[in-house]
Amino acid sequence: MNAPAPMRILLEDGEGRQRAVALEDGEILVGRAPGSAVVLEDRNVSRRHARFLRQNGAVYLEDLGSANGTRVNGERIGGKRRIRPGDLVQIGDWDLALEGPTPPEGAAERPRAAERPAPAGEPRRPAPRGAGLRLGWRPAVALVLVWVLATLAGYLAGRGVKKAPEPPAASDRTHLP
């Protein structure tokens with residue numbers, strides 16, 4: 001019997017730091033707990049968040065009832081789901097991807113999210129997080145700050161600046177005897 005092809009899980013945190021974990025037959029627990037095989041220190045990750053299972057060359061991902069959920073290609077999953085190389089897995093602020101040989105065509109269970117058409121009457125989903133330009137939170141804060149300042153400037157300009165009344169001229173004063 002042939003040994004299964006090597007596979008690994010690529011991990012990237014919200015700041016772009018990357019690492020990889022080998023995926024052997026069996027399971028890999030992912031969570032915040034120190035006993036997890038893959039520890040993700042993130043407030044949005046549950047202690048026992050999810051697990052990867054490799055069985056007979058196929059890889060499955062199972063959400064373990066996490067508070068914030070697990071997403072595959074932008075779709076929140078419940079329970080166990082088969083994943084393939086190239087699928088984007090999101091756990092908290094972490095992006096994970098399976099790397100390794102693509103399973104043979106006959107092994108396909110269902111099309112990936114990118115290959116499935118949107119149901120009739122339902123808009124297409126946006127690209128998964130991490131698929132496009134990653135700017136972070138700073139540009140959003142800067143944009144809100146510019147908007148607030150522009151709104152404040154418009155408000156003050158609309159009110160106009162009222163001058164204080166001038167004191168009466170010296171000739172207008174009445175002198176008391």
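Here's a walk through this structure, from its paired strands to a patch on its surface. What you're looking at is a predicted model, so local features need pLDDT of at least 70 and side-chain atom pairs count only at pLDDT 80 or more, while totals for chains, interfaces and linings use all residues. Residues are numbered from 1 along each chain as its sequence is written, and side-chain values use heavy atoms, with hydrogens and water left out.

Let's start with strand S1, residues 7–12. Strands here are DSSP runs of E with at least two residues, helices are runs of H or I with at least four, and both are numbered from the N terminus. Two strands pair if DSSP finds at least two bridges between them. S1 pairs with strand S2 (residues 18–23) in the antiparallel sense, over 6 bridges. One pair to look for is Glu12 and its bridge partner Gln18 in S2. The hairpin has 5 residues between its strands, and there Gly16 takes a positive phi near 90°.

S1 also has a link to strand S11 (residues 94–99): the two run antiparallel and are joined by 5 bridges. Here Arg8 has Glu99 as its bridge partner.

Stay with Glu99 for a moment. Its side chain makes a polar contact with the side chain of Arg8 at 2.4 Å. A polar contact is a pair of N or O atoms within 3.5 Å; within protein, one must be able to donate a hydrogen and the other to accept it, and residues adjacent in sequence count only if both atoms are side-chain atoms. Leaving out residues up to four places away in sequence, Glu99 touches Pro6, Met7, Arg8 and Leu10, where contact means heavy atoms within 4.5 Å. Is Glu99 buried, exposed or partly exposed? It counts as partly exposed because its relative accessibility is 33%; buried means under 20% relative accessible area, exposed over 50%, and partly exposed in between (1.4 Å probe, protein chains only).

Next comes an open sheet of 5 strands, in the order S4-S3-S5-S6-S9, with mixed pairing. Its edge strands are S4 (38–39) and S9 (80–83), each pairing on one side only. Within this sheet, S5 (residues 50–55) and S6 (residues 58–63) run antiparallel and are joined by 6 bridges. Among the residues involved, Arg54 has Val59 in S6 as its bridge partner.

Finally, find Trp147 in helix H1, residues 138–159. Trp147 counts as exposed because its relative accessibility is 57%.
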